[in-house]
Structure formats: C-alpha cells, structure tokens
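Subject: A structure for you to look at

Dear colleague,

I am passing on a structure that may be new to you, and below it I have set out what was found in it. Please read the notes with the structure open beside them.

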Amino acid sequence: MGYIRAEKILPIEIIELIQQYVDGTNIYIPRKTGNRREWGEGTRIRQELSERNRGIYEDWTAGESVSELADKYCLSPKSIWRILREMS
C-alpha cells in the first residue's frame, strides 16, 4: 500500500478539518463496504494455497503420514490436520 500526499487529492478545508483530530499523523482510510475486495483477490495466493492443500490431501491419501507432510510442506502437524479436515 502506498501513500498519497493529502494536499494532492483533498481540498485544504478538509485537510484542516482532519488536522483538528490528527496533526502530522499517518491515518488509514478504509474502503467503502461495497468496494472492499476479498483476501487474496488481487494475487494468486488463494489459488496457490488451494493447489498446495490439494497436494497435501493427495499425498495423505497415498499413504504419507502427517509428520512427513508437515516436514515436506513446512507446516505444523496441527495445520496439516486442519487442511485434511477441510478437504474431507
């Protein structure tokens, strides 16, 4: 997330109003509810995690143990069990 200087996009009256509450402090202005994007929507991470989880499930059904899968995928056994529960 990048920063935009307020004076480039906001009228001075709004900047002065905001300065009454926060002067010289960075603030985050959230998106409107209708404009929000879901987690991972802007990247391929959801697809990558889905593919990884499918691979974990396939390896498990092929006979690999949870501890082997944890080592192979660099996850905790608890995370492997959670993924297996979700995939079943």
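Leaving aside its neighbours within four places in sequence, which residues is isoleucine 27 in contact with? They are Ile18 and Val22. Before going further, please keep in mind that this is a predicted model, and that the values below were computed from it.

The pocket

Isoleucine 27 is found in the loop between H2 and H3, and its relative accessible area of 43% makes it partly exposed, because that class runs from 20% to 50%. Ile27 is also one of the residues that lie nearest the centre of the largest pocket, together with Ile4, Arg5, Ala6 and Ile29. The lining of this pocket is made up of 21 residues, and its volume comes to about 830 Å³. Two elements, helix H1 (6-9) and helix H2 (12-19), give two or more residues to the lining, and H2 gives the most, with 4 residues. Sorted by class, the residues that line the largest pocket are 13 nonpolar, 5 polar and 3 charged.

Helix H5 and its partners

Helix H5 (residues 77-87) packs with helix H3 (residues 45-61), and their axes come within 10 Å of each other and cross at roughly 90°. An angle from 65 to 115 degrees counts as roughly perpendicular, and H3 and H5 are therefore roughly perpendicular to each other. On the H3 side the contact is made by Arg52, Asn53, Arg54, Ile56, Tyr57 and Trp60, while H5 brings Ile80, Trp81, Ile83, Leu84 and Met87. By class, the residues of this contact are 8 nonpolar, 1 polar and 2 charged.

Asparagine 53, which lies in helix H3, is worth finding in the view. With residues up to four places away in sequence not counted, asparagine 53 touches Ile83 and Met87. Its relative accessibility is 12%, and asparagine 53 therefore counts as buried, the limit for that class being under 20%.

H5 also packs with H4, where the angle is about 105° and the axes are 8 Å apart. That angle makes H4 roughly perpendicular to H5. In this contact Val66, Leu69 and Ala70 of H4 meet Pro77, Ile80, Trp81 and Leu84 of H5, and the residues divide into 7 nonpolar, no polar and no charged. Ile80, Trp81 and Leu84 are thus listed for H5 in its contact with H3 and again in its contact with H4.

Arginine 82 also lies in helix H5, and at 35% relative accessibility it counts as partly exposed. Measuring along the chain, so to speak, arginine 82 and glycine 63 are 19 residues apart in sequence, and from C-alpha to C-alpha they are 17 Å apart in space.

The loop before H5

Cysteine 74 is found in the loop between helix H4 (66-73) and H5. Most residues other than glycine have a negative phi, whereas phi of cysteine 74 is near 55°, a positive value. At 69% relative accessibility cysteine 74 counts as exposed, because it passes the limit of 50%.

With kind regards

Conventions:
Residues are numbered from 1 along each chain as its sequence is written. This is a predicted model: local features need pLDDT of at least 70, side-chain atom pairs count only at pLDDT 80 or more; totals for chains, interfaces and linings use all residues. Side-chain values use heavy atoms; hydrogens and water are left out. Axes are lines fitted to C-alpha atoms, for helices over the stretch in contact, and angles run from 0 to 180 degrees between N-to-C directions. Angles under 35 degrees count as roughly parallel, over 145 as roughly antiparallel, 65 to 115 as roughly perpendicular and the rest as oblique. Contact means heavy atoms within 4.5 Å. Ala, Val, Leu, Ile, Met, Phe, Trp, Tyr, Cys and Pro count as nonpolar, Asp, Glu, Lys and Arg as charged, and the others, Gly among them, as polar. On a 1 Å grid over the protein atoms alone, a cavity is a set of points where a 1.4 Å probe fits but cannot get out, and a pocket is an open set with protein on both sides within 12 Å along at least five of seven lines; lining residues have an atom within 4 Å of a point. Grid points are joined across faces, edges and corners, and a volume is the space filled by probe spheres set on the points. Buried means under 20% relative accessible area, exposed over 50%, partly exposed in between (1.4 Å probe, protein chains only).
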